[in-house]
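Take a look at the chain below. Then follow the text from the whole down to a single residue.

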Amino acid sequence: MSNILIVDDERDIRELIGDILNDEGFETRLASNSEECLSQLSSSLPSLIILDIWLNDSQMDGIDILKYVKNNYPDVPVIIISGHGNVEIAVAAIKQGAYDFIEKPFNIDQLLVVISRAMETALLRKENTALKRPDKTEPELIGNSPIFKTFKSQLSKVFKTNSRVLLTGPSGSGKELAARYIHENSSRSDYPFCTISPSTIDYNLIDEFLFGKESDDKIETGAFEKNNRGTIYFDEIVELPIETQAKLIRLLVNQEFTRMGGSEKISVDLRIISSSSHNLDAAIQNGKLKKELYHRINVMPIAVPDLGQRREDIPELAAYFIEQLHREQGLSKREFSPDALGVLQTMSWPGNIRQLRNIIERVLILGDENKPIAADELPVEKPNSNKPNSQFLPPSIANLPLREARELFEREYLISQIERFGGNISRTAAFIGMERSALHRKLKSLNLTTTQKQATLAEKEVL
């Protein structure tokens with residue numbers, strides 16, 4: 001049942017309104033001043049507030065309370081009542097977000113009609129917001145490699161905090177997914193998650209987009225105000241204009257801001273998660289990122305591993321994307337052949353997770369839906385002789401003697417397989433058909449002692 005909070009310093013009036021609404025089937029709560037009103041709000045939110053503008057013996061008047069409610073509980077409709085009504089007061093109330101203004105003495109039938117419409121409007125807004133918001137299914141972080149388990153463990157440590165998080169990693173590695181994962185597992189999960197990509201917003205309009213705009217007859221709320229109590233995710237914080245970075249610093253310090261063209265301080269409760277694929281130290285040196293902003297957003301730095309660091313996860317990721325593309329686009333649920341999976345695990349991945357998904361989508365569209373995905377359906381990479389750990393042989397191999405060519409091939413092959421199995425020597429040896437001790441000797445003979453030590457350490461982490 002809907003409950004209504006009635007705030008009026010005149011006892012007779014608030015009790016009269018309360019009795020009438022009780023007779024109409026509403027539950028009511030009463031408050032005589034701002035202190036009682038805020039106490040009622042903190043205990044439980046009402047469905048609607050009837051608020052008198054002039055409150056004697058109160059720290060805040062009705063307009064102040066209205067501003068507080070709209071900033072902190074924007075979905076709660078407020079009807080303003082006053083015995084000293086005039087056009088200026090009514091305009092001020094509507095401008096600050098009141099649903100309607102009614103002058104005392106009012107007709108009770110008129111009040112009931114306004115209450116009904118206000119509640120219906122609030123309900124429609126909630127339903128519309130729910131329809132626009134994506135399904136609140138928890139973002140899935142797919143993978144069980146040691147480095148990815150460590151990464152997920154780091155994310156879990158910030159779930160229950162309001163600490164600012166800075167996610168770093170190459171493009172396509174899943175930084176936004178990680179940010180959503182933090183949000184959906186936090187106490188803010190019932191409130192909005194908003195992604196802001198500065199490069200997609202007009203440079204001259206970005207301040208209005210973030211902070212809102214205020215003129216004589218109109219208020220336009222910005223992203224910070226609209227997403228109050230939620231999470232703001234800055235995708236590539238370095239691309240935020242330097243002037244806007246200074247304003248963001250003030251918001252982070254005080255949790256308040258002023259709209260463009262306005263003077264009123266707007267209080268917000270936001271969690272900020274930022275990300276970047278750039279070298280942030282270089283960005284600070286080049287004047288693209290304010291050092292103070294960097295220190296304020298870098299409370300919890302978390303590195304997102306690229307796909308090349310977690311090749312063990314590729315089969316699981318591939319199966320996930322096949323299922324997802326079947327569900328969302330109706331593409332056939334083909335399986336990868338073992339040879340095709342082996343190719344995927346030894347490819348280079350400059351585009352990371354995004355590149356893997358695109359390749360799988362292309363293969364499902366073009367291939368025979370009745371056959372498993374074969375290795376020859378995958379795109380052929382161009383050799384990269386400048387990449388020391390590339391699994392492709394450099395063109396100069398044709399000019400090498402057989403012994404040197406064989407040694408070069410063995411080096412590249414073993415490096416690729418060790419990367420494929422996340423540095424696990426035991427699994428690598430089992431796959432290539434060698435005893436583990438023999439593999440260690442082979443690595444040493446090829447002067448791959450550094451790789452051997454790193455792989456052994458990775459293996460110990462698994463065990």
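The paragraphs below cover the whole chain, then one sheet, then one loop residue, and finally confidence.

This is a predicted model. The protein chain holds 19 helices and 14 strands. It has 463 residues, and buried ones make up 44% of them. The chain exposes about 24,400 Å². Carbon and sulfur atoms supply 48% of that area. Now consider contacts with a separation of 6 or more. Of these, 69% are between residues 24 or more positions apart.

Next, find the sheet. Five strands form an open sheet, and their pairing is parallel. Read across, the order is 7-10-13-6-14. Which strands stand at the edges? They are strand 7 (193-196) and strand 14 (300-303). Each has a single partner strand, so one side of each is left without a neighbour in the sheet. The sheet also twists: the average is 20 degrees from one strand to the next.

Zoom in on one pair. Strand 6 covers residues 165-168, and strand 13 covers residues 271-276. The two run parallel, and four bridges join them. Within this pair, V165 stands opposite I273 of strand 13.

Helices pack on the sheet too. Helix 6 (residues 146-156) touches strand 6 and strand 14. Its direction makes about 160 degrees with that of strand 14. Helix 7 (residues 175-184) also packs on the sheet. Helix 7 touches strand 6, strand 7, strand 10 (231-234) and strand 13. The direction of helix 7 makes about 155 degrees with that of strand 7.

Now leave the sheet for a single residue. Q96 lies in the loop between helix 4 (87-95) and strand 5 (100-103). Is Q96 buried or exposed? Its relative accessibility is 17%. The cut-off for buried is under 20%, so Q96 counts as buried. What does Q96 touch, leaving aside residues up to four places away in sequence? The answer is I63, L66, K67, K70 and E264.

Last comes confidence. The chain averages a pLDDT of 85, and 88% of the residues score at least 70. Confidence is highest in strand 6, at 97. It is lowest in helix 19 (residues 449-462), at a mean of 44. Over residues 383-396 the pLDDT is below 50. That stretch has 23 contacts in the model beyond near neighbours in sequence. Over residues 450-463, pLDDT stays under 50 as well. There the model has 20 contacts beyond four places in sequence.

Conventions. Residues are numbered from 1 along each chain as its sequence is written. This is a predicted model: local features need pLDDT of at least 70, side-chain atom pairs count only at pLDDT 80 or more; totals for chains, interfaces and linings use all residues. Side-chain values use heavy atoms; hydrogens and water are left out. Two strands pair if DSSP finds at least two bridges between them. Axes are lines fitted to C-alpha atoms, for helices over the stretch in contact, and angles run from 0 to 180 degrees between N-to-C directions. Contact means heavy atoms within 4.5 Å. Buried means under 20% relative accessible area, exposed over 50%, partly exposed in between (1.4 Å probe, protein chains only). Accessible areas come from the Shrake-Rupley method with a 1.4 Å probe; for residues, only the protein chains shown count as cover. pLDDT is the predictor's confidence in each residue, from 0 to 100.
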